[in-house]
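Work through the following exercises with the sequence and the model side by side, and try each task before reading its solution.

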Amino acid sequence: MTVNNIEFGEADLMLNKDLSVYHLNLRPQDIAHTIITVGDPDRVTKITKYFDTIDFETKKREYVTKVGTYKGKKLMVMSTGMGPDNIEILLNELDALVNIDLEKRVRKEKHTALKIVRIGTSGGLMEELGTDSHLASATGIGFDNLNNFYDFPQTAEDQVLTKEIKEELGMQFEPYIASASKMLLEKLAFDMFQGNTATCPGFYAPQGRFLRLTPKIPNFIDKMQNFKRGDFRFTNFEMETSCYYALGGMLGHELLSLNAIIANRVTGKFAGDYSKNMDALIVKTLDRLVSI
């Protein structure tokens, strides 16, 4: 509701004293419109070490940001921490930086679309995905409950699939499906394996790991691996992709999640040192972003 010509009140659009958005500690003039995100704050420097210049940097909590140039292209790299809740904050505040007038607290008439590419690690659910593989998520299947709080549209076809996933995997709730940017898939991932990525809201039970607690859904990973409907099968899993695609898509941005496969749950292999695989994905992504 608009009150006194203010569309977003102080308790909804929270800003710092310098008018930077509350969690990211960024102002509109600080950012680039092509963004690489990573979970681990230490990975920011592992990407920006390839930059020609670093022109701006800031940090607050797990959100570490550096802006600079790579082969003449202005890019921003930022860390998010892990999990859907962090991505919800990230996307809402990034969108506010370009689509809301922060001084007047009203939405801008002209929409600005950001290009956001997640570079992360993932576990494989197909034998052919070795621990040196790169996978682009064509879709993200959300096992989190974030979209219960948003009016996220699902096609009738997707609703049929998510109901079947719920029933066959023995889940007590229905997941959701969201898609990557077709443009970014074509430009950045044309030679990568493209798959269906399950987004899990945790590292242990949601990914089939159990220490001292009893599993609610026995053999969860086996059920995921064996689930097939036509051309659809689960290829890998991680902790953020579906949130990027669902919220980013609703906000009108271009999103893509790129994954370095570091473990394979079918073969039981884990890449203890996956730095070479990750570095290869980083450089490949940087080189391809230059032309977009």
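**Exercise 1.** Determine how many helices and strands the chain has.

Solution. The chain has 7 helices and 15 strands, where helices (H or I, at least four residues) and strands (E, at least two) are DSSP runs, numbered from the N terminus. This is a predicted model, in which local features need pLDDT of at least 70 and side-chain atom pairs count only at pLDDT 80 or more, while totals for chains, interfaces and linings use all residues. Residues are numbered from 1 along each chain as its sequence is written, and side-chain values use heavy atoms, with hydrogens and water left out.

**Exercise 2.** Find out whether the radius of gyration of the chain agrees or disagrees with that of a compact globule.

Solution. The radius of gyration is taken over C-alpha atoms, and the globule rule is 2.2 Å times the number of residues to the power 0.38. For 292 residues the rule gives a value near 19 Å, and the chain has 19 Å, so the two agree. Along its principal axes, the C-alpha trace spans about 55 × 45 × 40 Å.

**Exercise 3.** Decide whether Leu 19 and Arg 105, each with a positive phi, are buried, partly exposed or exposed.

Solution. Buried means under 20% relative accessible area, exposed over 50%, and partly exposed in between (1.4 Å probe, protein chains only). Leu 19, in the segment before β1 (34-38), has a phi near 65 degrees and is partly exposed, with a relative accessible area of 33%. Arg 105, in the loop between β5 (100-101) and β6 (106-107), has a phi of about 60 degrees, and at 13% relative accessibility Arg 105 counts as buried.
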